[in-house]
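Thank you all for making time this morning. I would like to talk through the aromatic side chains here, so please have a look at the sequence and the structure before I go on.

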Amino acid sequence: QVQLVESGGGNVRTGGSLRLSCAASGSIFTINAMGWYRQAPGNQRELVALITTVAGDTNYADSVKGRFTITRDNAANTVYLQMNDLQPQDTAVYYCGASKRIWGRTDYWGQGTQVTVSS
């Protein structure tokens, strides 16, 4: 089992920045990719950014490219999402996810952290 704990959400004005953190514990050696996902009210959960745990390859949703950056600190078993130039449409609950296979299903989820961007 893998446990994921997110932190760093909050309220911010348009154009502001936030950094989310996701600390992983447990059988983390089984994980090959970690990602950030978000779900706004009435919408499906969507992938925001993904990073592979070994090579550090990244992938982003088109809507956040150039504004969000996903990084990892393997020594600390933590993944970060730096979010810059936040917009009201970025408002959502952000979830950390971990996958055993790089493009497989998400096997583990964190509890989520709210990000609210006001104009």
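Tyr95 has a relative accessibility of 14%, and because buried means under 20%, this residue counts as buried. I should say at once that the model we are looking at is a predicted one.

Tyr37, with a relative accessibility of 11%, also falls under the 20% cut-off and so counts as buried. For Trp109 the value is 37%, and this residue therefore counts as partly exposed.

How do the rings of Tyr95 and Trp109 sit relative to each other? Their centres are 6.4 Å apart and their planes stand at 85°, which makes the pair edge-to-face. Tyr95 belongs to strand E9, residues 92-99, while Trp109 belongs to strand E10, so this contact ties together parts that are 14 residues apart in sequence.

The count of aromatic pairs comes to two. In the pair of Tyr37 and Trp109, the ring centres lie 4.8 Å apart with the planes at 70°, so this pair, too, is edge-to-face. This pair links distant parts of the chain, since Tyr37 is in strand E4, residues 33-39, and Trp109 is in strand E10, residues 108-109, with the two positions 72 residues apart in numbering. Taken together, Tyr37, Tyr95 and Trp109 make up one aromatic cluster.

Finally, let me turn to a charged neighbour. Arg45 lies over the face of Tyr95, 3.7 Å from the ring centre, and Arg45 also lies over the face of Trp109, at 4.4 Å from the centre of that ring.

Key:
Residues numbered from 1 in each chain as written. Predicted model: local features only at pLDDT ≥ 70, side-chain atom pairs only at ≥ 80, totals over all residues. Heavy atoms only, no water. Phe/Tyr/Trp six-rings, centres within 6.5 Å; stacked < 30°, edge-to-face > 60°. Helix = DSSP H or I, 4+ residues; strand = E, 2+ residues; numbered from the N terminus. Buried < 20%, exposed > 50% of the residue type's maximum accessible area, 1.4 Å probe, protein only. Lys NZ or Arg CZ within 6 Å of the ring centre and 35° of its normal.
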